[in-house]
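The exercises below practise reading a protein structure step by step. Please attempt each task before turning to its solution.

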Amino acid sequence: MALPLTREWFESILRELDSKSCLGFGDESVWASITGLLSRLSKDAVARIEDELTREGMNKENFRRMREEDRLDLVVNFKGGKIEEFRLAQPSDTPTIRISCDYESLEKLWRGEEDIVWMVLMARIKIRGKLKNFTRRIDEYTNLISALVSNTDVN
Amino acid sequence: MEEGFSKEESLRKRTAWEKRFNELGINIAWKRVEKFISPYKGIVPMNAEIFMVFPAWATIFREIGMTPEAWERLKYENFVEWAYRVDQAVKTTNRVLKEPPPPQEMYEVHNLCYLSHPPAYLCTPEVGKHTCEMLYGKYATVEYVHVDDFSREIYWINGYHNDEGFPVHQWTVAVDEKLCDHFDEEDEKAFLTSNSAWTGGTREELNERLDRMEFTIRERLRDLPKVLWDPPEWGRATWGMIRDFRIDELSRWAYGTLYASCVSTYISSIAQSALMSAEFFTYLYYGLKTTEVLGLDYLLFSYVPMPNMLTEMLTLPQETFVKRMSEFFLGGYNAIHKHACGERKIPLLFRIKKSLFKYGQFYPHYKGIVPPMVMARTIPPSFTTTNVNMFLETPPSKEFWELLESEADADRKTGEIPSVEETSRFKFLLDPSVEPLKPSDFPPIDWNVGQIWPFDITREKMEIMVEEGYDGSGKDIEYYSELADKKMGKRN
C-alpha cells in the first residue's frame, strides 16, 4: 500500500493490474473522478506526498487544487487490453469512458459488501459509455477498483 | 377484435427480445441484481428492464427481502386493494350523487374516489361517472387480467359491469387457489359468494376457470401469457373466453361492450402505489406507449379494445397528456393517493407507500418527492432514441438543459436524446430548477384518506398554504392556493 499519487502508488497499481485481465477494455481510455479520498489524508500524509511530488519535479499546485475540490482525476489508457498509461488526467484528455464515484463506494466493492451493478443502478458509481460494454466488462472494472483500493494507503 | 394473436408470432417477438436483452448485456446485469430483488432466483421476469430503472422499488424490495412468500403476499394485497377501491368508489358516488356537495367542496378528499378505470387515480364521482361513459360507452364490462411476472401465469380476473358510467356489479371471473389461501372473512364474502351486487364463485370454480382451454391456440387460460407475448396479446386471447363466461354467468349484462385489460403484478403494483395522480398519469403514458417512449418491444398495459378517446389523448406530448388528464379528472389539482384497505389487511402496500414517500419516487437519483409539474416533464430512460419534444410542451429550463446534456447527451439543437444503449443512463431525469418536496413539508398524511394539492405546488407554495392553515383535505383549497400565489407575487 502506498500514499496516493506517489511513484510507488502508481507502480504498485500497475503491477497488480498487469497480473489481471483487462482484455475487455481493448483500446479504451478511461477517466476516473474519485471524490472523498484526498480529504481523508492526514496532515503528515499530505506533507509526505508534497515532498515526493517536489522530488519528482511535479507541480504541487495541482495537488493542492485537487485537495480543495477533494477530487482525484485519473486516466488509464489501454491498448489491446493492456495498460499503456496510468497517470493524472489532463484537461486535453479525450476519454472514451468516464467513471465518477466516491472512494467509500469503491472500498465497499473491494470488501465485497456491495455489487458493482447495484451501485451503478443506485448511481453511487456513474459509468458513462455503451451499456453492453459496461456489462461485459464487469470483471475488468472490478479488477481496476480492486487494484486501486488495495494499493492505496489513506493514513 | 382488431388484431389476432398467434403462438408463432409471439415466439418470434420473444426470441427477438431475448436476443436484444442478451446483446445489450442486460442479462448479465440482471444476474447481478436478482439476488437483492427477485423472489425467484434464476428466472428472468417479464419487464426485467423496468425492475432495473426504478431504484426506489429495487431498494424497497431489497429492504423487504423479496422472498416467494412476500411476492405471493404482494399479489394478494394488490388484488384486494384494487377490488375494494371500486367498492369504496361506489359508496362514495352513491352518497355524493344523492346529496351533491356545494361546488367549493367538490374536491375535498372525502368526496374523491377511484371511480376511474383502472381504479388507480382519484376523481370526483360526477366526472368519473361521465368519463367512464365517454371512455367505455354507456354499457360496459371491464375485466382486469393479472399475470405473474415470474411464472407468466394469469392468477386473477376481476372487474365490473358499468351502466351509464357507474359500476353496478362486481364480477370475479377467476382466482388462483394459492391466492385464495390469503382470503379473510371479508374477502370470502366478496369474491367467493354471489348476490345481486356481485358475482363470484367457489374457490374450486374460480380456480378451475383458469384451467379452461382456449381453443384457438389450445392452451389453458392461466397459461396464455406463457405463449403470448405482451398485454395486448393476452387481452385479445382472454377477451373471447371472458365473453363466453359472461354469457354463462352474467347473461343480463351481455349487451355491454366487453373490455379486457391486462397487466403484470410488478407493473400493477407500481401503478397502484403511485403517490399522486400526476405520477399515475405519467406511468399510464409509459404503459400504453412503452415501445415509442421507453423503446421496449412490448407494452406494459393493455385495453382490448382500446378506447378511442385514450388513443387520441396519447398522441399528445407526455406533459400535455398529464396536465389534460389532471384537469379532466381532478379540475387541475393533484391528489395524494390513498389506499382503500387498512394497514392490517395490506401491510406490504403500506410499507411500500411509506417508503416511496420517505425516499421519493426516483430515489436515489432525485432526492425527494417529485412535484406534479416536474413529474409531468420527466424524461425517462429509453432503449431507443427519443426527442425532448415527445415529452415536453415547453422547452426545458436552463438547468434542465444542462442536466439533459451532461447526463443524457441530449442534443440542444435537435432535441434528440440517445438511447440507454449509448449512454448507460438508466435513470429518469427531472428538472432541477424546481426543488423536490420533502415529507416534512406535508401536513400529517392518513394513507386511508389521502390529500389534495394544486398541480403547481412547490415547496414554497406548500409552506405558505400550510402556514395559512391548509391541512391537505381540500377544504378551501382554491382560497389557500390563490392566497399563496398572491404572497409569492404570482399573478392570477
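**Exercise 1.** Determine which residues E219(B) is in contact with, leaving aside its neighbours within four places in sequence, and whether E219(B) counts as buried or exposed.

*Solution.* The model is a predicted one.
Step 1. Locate the residue: E219(B) is in strand β6 of chain B, residues 219-220.
Step 2. List the partners beyond four places in sequence: E219(B) contacts K7(B), R212(B), M213(B), E214(B), L224(B) and V227(B).
Step 3. Apply the cut-off: buried means under 20% relative accessible area. E219(B) has 18% relative accessibility and therefore counts as buried.

**Exercise 2.** Check whether the length of helix α2 of chain A agrees or disagrees with the expected span, and establish which of its residues are buried.

*Solution.*
Step 1. Helix α2(A) has 13 residues (43-55), which at 1.5 Å a residue should span 18 Å. Its end C-alpha atoms are 18 Å apart, so expectation and model agree.
Step 2. The buried residues of α2(A) are A45(A), V46(A), I49(A), E50(A), E52(A) and L53(A). Because these residues cover an arc of only 160° around the axis, they lie on the same side of α2(A).
Step 3. K43(A) and R55(A), on the other side of α2(A), are exposed.
Step 4. The buried residues pack against α1 (7-18) and α3 (60-69) of chain A.
Step 5. After α2(A) comes G57(A), which has a positive phi near 70°.

**Exercise 3.** Describe the contact between the two domains assigned in chain B.

*Solution.*
Step 1. The domain assignment gives domain 1 (68-336) and domain 2 (439-487) of chain B.
Step 2. The centres of these domains, taken over C-alpha atoms, are separated by 30 Å. Domain 1 of chain B contributes 15 residues to the contact and domain 2 of chain B contributes 16 residues.
Step 3. Between them the two domains bury about 1300 Å², with 69% of it on carbon and sulfur atoms. V109(B), Y333(B) and I336(B) supply 51% of the area that domain 1 of chain B buries against domain 2 of chain B, more than any other three residues.
Step 4. The rule finds 0 salt bridges across this interface.

**Exercise 4.** Describe the interface of chain B and chain A, and state how many salt bridges cross it.

*Solution.*
Step 1. The contact takes 30 residues from chain B and 19 residues from chain A.
Step 2. The two chains bury about 2100 Å² between them, 55% of it on carbon and sulfur atoms. R32(B), R62(B) and S424(B) supply 23% of the area that chain B buries against chain A, more than any other three residues.
Step 3. The rule finds 6 salt bridges across the interface of chain B and chain A. K35(B) also forms a salt bridge with D115(A), the closest N and O atoms being 3.4 Å apart.

**Exercise 5.** Compare the settings of the salt bridges E9(B) with R12(B) and K345(B) with E186(B).

*Solution.*
Step 1. Recall the principle: side chains of opposite charge can pair when their charged atoms come close.
Step 2. The closest N and O atoms of E9(B) and R12(B) are 2.8 Å apart. These residues are 3 residues apart in helix α1 (residues 7-23) of chain B, so about one helical turn separates them.
Step 3. K345(B) and E186(B) meet at 2.8 Å, N to O. K345(B) lies in the loop between β9 (333-336) and α17 (347-359) of chain B, and E186(B) lies in helix α8 (residues 185-192) of chain B, so this pair ties together parts that are 159 residues apart in sequence.
Step 4. K345(B) is buried at 11% relative accessible area, whereas E186(B) is partly exposed at 44%.

Terms used:
Residues numbered from 1 in each chain as written. Chains lettered and ligands numbered in written order. Predicted model: local features only at pLDDT ≥ 70, side-chain atom pairs only at ≥ 80, totals over all residues. Heavy atoms only, no water. Helix = DSSP H or I, 4+ residues; strand = E, 2+ residues; numbered from the N terminus. Expected span 1.5 Å × (residues − 1). Buried < 20%, exposed > 50% of the residue type's maximum accessible area, 1.4 Å probe, protein only. Arc of directions from axis to C-beta. Contact = heavy atoms within 4.5 Å. Domains from an automatic or database assignment. Buried area = accessible area lost by both parts, 1.4 Å probe. Salt bridge = Lys/Arg side-chain N within 4 Å of Asp/Glu carboxyl O.
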